[in-house]
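Q: I am a first-year student, and I would like a close look at a single part of this structure. Could you take me through it carefully and connect it to what lies around it in your account?

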Amino acid sequence: MDKLAIVVPCYNEEEVLHIAADALRDVLDDLIRKQKIAQDSFLLFVNDGSKDRTWELIEEEHAAHPAQIRGVKLAGNVGHQFALTAGLLIAKDRSDVAISIDADLQDDVSVIEEMIDKYHAGNDIVYGVRSNRKKDSFFKRFTAQGFYRFMGIMGVKTIYNHADFRLMSKRALEQFSQYGENNLFLRGIVPLIGYQTDCVYYERKERVAGESKYPLKKMLALAFNGITSFSIKPISLITWLGCVIIVGSVLAAVYALISYFTGNVVQGWTSLILSIWFIGGVQLLAIGMVGQYIGKIYVEVKHRPRYNVEKVLE
């Protein structure tokens with residue numbers, strides 16, 4: 001039987017950590033009892049530089065259940081995507097299959113068994129996909145759906161309504177480890193791996209405790225990072241916009257000449273000022289977009305470590 005590692009990135013999750021540990025240990029026990037995973041399967045909590053007692057609670061859980069609960073302490077806060085990557089790469093060398101899930105338990109742990117079944121059926125990657133967004137506010141539902149559609153337009157392959165709740169086999173993790181980029185967007189990287197995939201569907205729950213670690217600002221930053229890390233279409237769109245503005249300028253010049261020779265000249269500054277502001281805004285937007293791509297190149301060529309593992313509880 002294959003050894004399962006459930007990877008749980010944590011940032012200031014002291015309110016939910018014990019609850020998550022108990023719920024996920026129950027899942028492990030049930031799968032072991034049904035002989036679907038190996039006896040030495042485990043949970044791997046990754047502390048992403050938490051400022052509360054998260055790491056102390058992970059140590060307590062490890063002391064109480066040393067065979068089932070392990071921990072990784074990162075030296076500082078590096079963000080959800082890096083913390084999750086650290087956990088997956090550590091689990092790669094210690095397990096045959098890994099499942100990533102957030103500590104807030106909004107993802108339904110009951111479908112983990114279905115993920116394992118699909119893995120045994122020959123799938124290397126199994127995505128956890130939300131069946132609906134009825135519990136989301138109109139704003140969040142509208143922006144999320146718009147995000148996935150926009151990513152598709154930009155040519156980025158993603159799984160609709162999928163976050164970071166997924167199963168990956170050992171060979172999928174081996175392939176994932178080859179992606180050494182610093183601008184991480186796992187929802188875009190994992191589909192690039194290929195291999196046979198499938199999905200399980202579930203209804204997302206409310207947080208059992210604590211507050212969301214992904215406010216609107218972080219969600220927008222993640223979306224922008226995903227677009228600029230996987231597509232150069234924004235630069236292409238700016239090029240086409242520049243062409244449209246040039247054509248518009250030529251037409252405006254022709255109109256101005258015709259007006260001059262026909263004597264139909266209306267003096268004023270409003271249209272002039274508006275055109276200057278518009279073209280100036282387009283130029284700043286273009287420079288800013290190009291700057292974002294140059295900044296990403298700057299970060300990548302440094303080849304700095306993505307995270308620093310301070311301690312591992314085996």
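A: In this predicted model, the residue that follows helix α7 is Gly-194, and its phi is positive, near 85 degrees. The helix before Gly-194 covers residues 186-193, and because 7 of its 8 residues are buried, α7 is largely enclosed by the rest of the structure. Buried here means under 20% relative accessible area, and the residues of α7 that meet this cut-off are Leu-186, Arg-187, Gly-188, Ile-189, Val-190, Pro-191 and Ile-193.

Burial can be followed into a strand as well. Strand β4, which spans residues 97-100, is covered on both faces, with Val-97 and Ile-99 buried on one side and Ala-98 and Ser-100 buried on the other. Strand β4 also has pairing partners: with strand β1 (residues 4-10) it pairs in the parallel sense over 4 bridges, while with strand β6 (residues 162-169) it pairs in the antiparallel sense, over 4 bridges. Val-97 takes part in both pairings, since it is the bridge partner of Leu-4 and stands opposite Ser-169 in β6.

Finally, two cysteines can be judged by the cut-off used for the helix. Cys-10 has 1% relative accessibility and therefore counts as buried, and Cys-199, at 18% relative accessibility, counts as buried too. A disulfide is a covalent bond between the sulfur atoms of two cysteines, and a search of the whole structure finds 0 disulfides.

Technical notes:
Residues are numbered from 1 along each chain as its sequence is written. This is a predicted model: local features need pLDDT of at least 70, side-chain atom pairs count only at pLDDT 80 or more; totals for chains, interfaces and linings use all residues. Side-chain values use heavy atoms; hydrogens and water are left out. Buried means under 20% relative accessible area, exposed over 50%, partly exposed in between (1.4 Å probe, protein chains only). Helices (H or I, at least four residues) and strands (E, at least two) are DSSP runs, numbered from the N terminus. Two strands pair if DSSP finds at least two bridges between them. A disulfide is a pair of cysteine sulfur atoms within 2.5 Å.
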